Number of protein chains: 2
Amino acid sequence: MVSVHAVDIDRTSETPTYRQVANILRERIRSGELKRGDQLPSVHALVIETGLADATIRSAVRVLKDEGLVRTAPGRGVFVC
Amino acid sequence: MVSVHAVDIDRTSETPTYRQVANILRERIRSGELKRGDQLPSVHALVIETGLADATIRSAVRVLKDEGLVRTAPGRGVFVC
DNA sequence: TCTCATTTGTTCGTATGTATC
DNA sequence: AGATACATACGAACAAATGAG
């Protein structure tokens, strides 16, 4: 598991919150902070950290999944591809 | 669960899209294709199949619910009465 | 084997804002 | 003004897979 650090969401931004979360996570992958096989913070952890709703976090994960950057494993977590 | 088959929406029709969806589902119930207790396609499945928005599909389901043709069960699905 | 906590998956409900016709 | 449609966001419940013990 990799710690989450700050996930700062700008509620006033034009960018939807779920895309902000996706952008932050994507940048961590791109930068190498999150490497292949690393587990992302769980949906629950991100809910706590961001104060956003469960469904909103799931939307963010879906974006990265659709981009092929991560894969989800039911009962285990979300992992960098 | 019952498969969805084609759900053809006519964007140019006078009939609102949500009513078109309601009409199609109603006809499947009337014809016996969908029987008492059968589960309708989920909102998500219909969103994918029709290309319409979540809220639009929900409007269609609400029509059938108001007519007493179906009942909704949160976390489970929509079922024929 | 069984139980429990964790985690993702799936489902409907509700509300708000915006755009279009 | 009103109806329709879409996007976003949050709430809630249930299911299924996993792993620890």
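This briefing walks through a predicted model in which protein chains A and B meet DNA strands C and D. Because the model is predicted, local features need pLDDT of at least 70 and side-chain atom pairs count only at pLDDT 80 or more, while totals for chains, interfaces and linings use all residues. Residues are numbered from 1 along each chain as its sequence is written, chains are lettered from A and ligands numbered from 1 in the order in which they are written, and side-chain values use heavy atoms, with hydrogens and water left out.

**Around DNA strand C**

- DNA strand C is surrounded by 22 residues, and the closest are A:Val43, A:Thr72, B:Val43, B:Lys65 and B:Thr72; a residue is near a strand if one of its heavy atoms lies within 4 Å of it.
- Sugar or phosphate supplies 72% of the atoms of DNA strand C within 4 Å of the protein, and bases supply the rest.
- Several elements each give at least two residues to the surface near DNA strand C: helix 3 (54-66), strand 1 (70-73) and strand 2 (77-80) of chain A, together with helix 3 (54-66), strand 1 (70-73) and strand 2 (77-80) of chain B. Helices (H or I, at least four residues) and strands (E, at least two) are DSSP runs, numbered from the N terminus.
- By residue type, this surface has 8 nonpolar, 8 polar and 6 charged residues. Here Ala, Val, Leu, Ile, Met, Phe, Trp, Tyr, Cys and Pro count as nonpolar, Asp, Glu, Lys and Arg as charged, and the others, Gly among them, as polar.
- The side chain of A:Thr72 has an N or O atom 2.5 Å from a phosphate oxygen of DNA strand C, and a polar backbone atom of B:Val43 is 3.0 Å from a phosphate oxygen of that strand. A polar contact is a pair of N or O atoms within 3.5 Å; within protein, one must be able to donate a hydrogen and the other to accept it, and residues adjacent in sequence count only if both atoms are side-chain atoms.
- A base takes part too: one of its oxygens in DNA strand C lies 3.4 Å from a backbone N or O atom of B:Gly75.

**Around DNA strand D**

- There are 19 residues around DNA strand D, and A:Thr17, A:Thr56, B:Thr17, B:Tyr18 and B:Thr56 come nearest.
- Of the atoms of DNA strand D that come within 4 Å of the protein, 85% belong to sugar and phosphate.
- Tyr18 of each chain places a polar side-chain atom by a phosphate oxygen of DNA strand D, at 3.2 Å for A:Tyr18 and at 3.4 Å for B:Tyr18.
- The surface near DNA strand D takes two or more residues from helix 1 and helix 3 of chain A and from helix 1 (17-30) of chain B.
- That surface divides into 10 nonpolar, 6 polar and 3 charged residues.

**Inside the protein**

- The largest nonpolar core has 19 residues, of which A:Val21, A:Leu25, A:Leu40, A:Ile57, A:Leu64 and A:Val70 touch the most other members. A nonpolar core is a set of buried Ala, Val, Leu, Ile, Met, Phe, Trp, Tyr and Cys residues joined through side-chain atoms within 4.5 Å. Buried means under 20% relative accessible area, exposed over 50%, and partly exposed in between (1.4 Å probe, protein chains only).
- Helix 3 of chain A gives the most to this core, with 5 residues.
- A second, separate core of 18 residues includes B:Ala22, B:Leu25, B:Val43 and B:Val80.

**Residues to look up**

- A:Leu34 lies in the loop between helix 1 and helix 2 of chain A and is buried, because its relative accessible area is 3%. Its C-alpha is 7.2 Å from that of A:Val80, although the two are 46 residues apart in sequence.
- B:Ser59, in helix 3 of chain B, is buried at 16% relative accessible area.
- B:Lys35 sits in the loop between helix 1 and helix 2 of chain B and is exposed, with a relative accessible area of 51%. The side chain of B:Lys35 reaches the backbone oxygen of B:Gly32 at 2.7 Å.
- B:Gly32 belongs to the loop between helix 1 and helix 2 (43-50) of chain B and counts as partly exposed at 24%.
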